[in-house]
Amino acid sequence: MSVAAYCIFCYRQIGTSGPATKTHLPWNDISKYSSICIHPRGFVFITYEVLSLKKLLQIDTQAIHQEKLKSYVYVRTTSLNPSDYQGITYQARKEIHKAVRKILETEAKIFRRPFNEQFSTFDGEDHECALWLLLKRSQSEDKEVRLQAVQDLANNSHWHDYQYGTVAQTCDQRTAIGLARSKDIDLRFFLPPPPLPKIKSDYPIEDELRLLLVSLPQTGLDPCVQYFTSLALRESSQTLAAQRGGLWCFGGNGLPYCETLSKIPSETVELFCLQALVQHSKVSSHCDKIEAKGGLQLLQRIYQQRKDSAKIQRNIIRIIGNMALDERLHSSIVRAGWVSVLAEVMKSPHVIQSSHASRALANLDRDTVKEKYPDGVYILHPQYRSSQPIRADILFVHGLLGAAFKTWRQQDIDRHLDKKASEGEEDYSQCWPKTWLASDCPALRIISVEYDTHLSDWKAKCPVEAHRKSIAYRSNELLDKLRAAGIGDRPLVWVSHSMGGLLVKKMLVDASKNPEMDKIVNNTRGIVFYSVPHHGSQLAEYSINARYLLFPSVEVKELSKDSPALKELNDDFLSFAKDKKFSVLSFAETLPTHIGSMIKLHVVPLESAKLGIGDLIPVDVNHLNICKPKKKDAFLYQRTLKFIQDVLAQEL
């Protein structure tokens, strides 16, 4: 047996000493060594090798079945250089290696000894062995081993293109999502979205969107979902009529009104349809229908065709983020090629784009994220996987005409309130909670929430059911979302601007009365109020006096000076805030704000910003700039940072 082994390894040495320079095999050398091996045990060993080689040459019919299950596979171009192959010698060497490895594995199991998985010294180069070893470990049942393997894969930057392609084609769904949530990840780790079937040139995308909307449930819906759906279907129908060159009549309370229509831009129609789909994607059962009707592929097609429209792409990623809340749809989302798209958007310099992608990937990542982020709840930090443990949460709540990102811009441009409500802007300034605060306090999880607010009902996105805009309704809705996002599980600091401060107080009051929300109250360490109208705002008085012009919204009406509802809210909040000994820091504006083109108004006077507990600091800025420090060393930011660090001193 030892002689036979010697023969085989000598033969291996001959075969692997370098690329073959001749096209024929060294049969003289083989016969010289094989003549020594006339021994029964050696004959058995050679027979085993021959059978192994025969097995190697057999066609595996299972491969055909596997190909049917795959939507697409990328194969590297095969080299035509004969010197790149080592023929039967190389294959024999691999088979012997497999046999020896199997023996060692069996021996380790029998004697219960650990098996060194790095046993691979002649099956390939070191970096090749490392790649396959990391891929195997990335699918381990041990979570720590799995996460470390993904991190090691992400940290590699010296591989060739084909090696990145190997990972892209062989890694599982969990690994791909983990790589997408790794900082500075190389996009070669991901397969491009699968090719979509061609459609007829005369069959516009908006018609496909319309058919998808029509296929979704139309009865028993939330009024806002119904409103957005009917609006989208009406606009797409008008476009269809205009394309046919005829008149389009639509009824209003039995009084038909007809007009000749020019063609509506297809981008506008797509936006209407996508806004309707956003509302549908908030309903779990509707997400199932969207997936079943090929919605993920349709959205992928629109996303690729509308690379020039950040607004369309945002709405699409928002839909994907909502659908990712349902773990049953994760496989479909991955198969549709969305992981590579989200990984690319994560690199966007625009905070609003990257934060939408970050939310979607966080909802997909069930390996390291236990929380879920519903629609309107965005994580600003950490947006990537990190070994840094999270010690506390900071929650940002914007105010009237605000948003999850633009309210907290690093710098502010003096604009009128009514123009700030316009939605034509695509680019926003940098978000200081995401940049400055994250770098100063890396152990914090920073979350920003978003909800629609308007000065006038003329500009309301969903004019049905006005009670939805009330502070009471929004409080209940946001509390449910925040609990799903894990708010209350860690020490918490609230940061609010304008009407957002009233919403924070209402949420804390409501949470104090609900045993299921006790954690939110008990873990609250402090609250920052930026120009919060605790006792009402002059903006409400102005809007009500000009109601024939503005038609003030519910939000504005609730800000009336000395409103009984505001007084009751403030009394309820103070009664338990003093008992809980919340730390409070308030800032008050001292400069007027432009409203419209001719009116300057002190939106929140000093006396209205006075809560009754905590510190109150007047600042020489207007209502819009009170929460927008110009520089990192500005007083507004430094005082806010000090407050956060003081109240969370034990955690940080």
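In this predicted model, strands β7 and β8 run parallel and are joined by 5 bridges. One residue pair shows the register: Ser583 in β8 is the bridge partner of Gly526. On β8 there is also a pairing with β11, again in the parallel sense and over 5 bridges. Here Phe587 stands opposite Ile617 in β11. Strand β8 is mostly covered, with 6 of its 7 residues buried.

**The sheet**

These strands belong to an open sheet of 7 strands, whose order is β3-β5-β4-β6-β7-β8-β11 and whose pairing is mixed. At the edges lie β3 (377-381) and β11 (615-619), each of which pairs on one side only. From one strand to the next, the twist averages 20 degrees. Elsewhere in the sheet, β4 and strand β6 (residues 492-497) run parallel and are joined by 5 bridges. In that pairing, Asp393 stands opposite Leu492 in β6.

Which helix packs on the sheet, touching β4, β5, β6, β7, β8 and β11? The helix is α29, and its direction makes about 170 degrees with that of β8. In general, the side chains of a regular strand alternate between the two faces of the sheet.

**Helix pairs**

Helix α29 also meets helix α20. Their axes come within 11 Å and cross at roughly 50 degrees, and α20 and α29 are therefore oblique to each other. The crossing in which α20 passes α29 is right-handed. On the α20 side the contact is made by Trp432, Trp436, Leu437 and Asp440, and on the α29 side by Tyr637, Leu641, Ile644 and Gln645.

A second helix pair is formed by α12 (residues 266-280) and α15 (residues 310-323), whose axes come within 10 Å and cross at roughly 20 degrees. That angle makes α12 roughly parallel to α15. Helix α12 passes α15 in a left-handed crossing. Among the residues that make the contact are Leu271, Leu274, Leu277 and Val278 of α12, and Ile312, Ile316 and Ile319 of α15. Charged and polar side chains take part too, including Glu267, Glu270 and Gln275 of α12 and Lys311, Asn315, Arg318 and Asn322 of α15.

**Aromatic pairs**

The structure holds 14 aromatic pairs. Two of them share Trp432 and are set out below.

| Pair | Geometry | Centre to centre | Angle between planes |
|---|---|---|---|
| Trp408 and Trp432 | edge-to-face | 6.3 Å | 85 degrees |
| Trp432 and Tyr637 | edge-to-face | 5.7 Å | 75 degrees |

What does the pair of Trp408 and Trp432 tie together? Trp408 lies in the loop between β4 (392-397) and α19 (417-420), while Trp432 is in helix α20 (residues 432-440), so the pair ties together parts that are 24 residues apart in sequence. The pair of Trp432 and Tyr637 links distant parts of the chain, with Trp432 in helix α20 and Tyr637 in helix α29 (residues 635-647), 205 residues apart. Both of these residues also appear in the contact between α20 and α29 described above.

Are these three residues buried or exposed? Trp408 is buried, with a relative accessible area of 0%. Trp432 counts as buried at 1% relative accessibility, and Tyr637 is buried, with a relative accessible area of 1%.

Ring pairs extend beyond these residues. They link Phe396, Trp408, Trp432, Trp436, Tyr530, Phe587 and Tyr637 into a cluster. Phe587 in this cluster is the residue that stands opposite Ile617 in β11. Trp436, another member of the cluster, is one of the α20 residues in contact with α29.

**Around Thr593**

One further site involves a short strand. Thr593 lies in strand β9 (residues 593-595) and counts as buried, at 1% relative accessibility. Which residue, 10 places along the chain, has its C-alpha atom separated from that of Thr593 by 6.8 Å? That residue is Val603. Leaving aside residues up to four places away in sequence, Thr593 touches Ile599, Lys600, Leu601, Val603, Asn622, His623 and Leu624.

How values were computed: Residues numbered from 1 in each chain as written. Predicted model: local features only at pLDDT ≥ 70, side-chain atom pairs only at ≥ 80, totals over all residues. Heavy atoms only, no water. Phe/Tyr/Trp six-rings, centres within 6.5 Å; stacked < 30°, edge-to-face > 60°. Helix = DSSP H or I, 4+ residues; strand = E, 2+ residues; numbered from the N terminus. Buried < 20%, exposed > 50% of the residue type's maximum accessible area, 1.4 Å probe, protein only. Pairing = 2+ DSSP bridges. Axes fitted to C-alpha atoms, helices over the stretch in contact; angles between N-to-C directions. Contact = heavy atoms within 4.5 Å. Parallel < 35°, antiparallel > 145°, perpendicular 65-115°, else oblique. Left-handed = near helix turned anticlockwise from the far one by under 90°.
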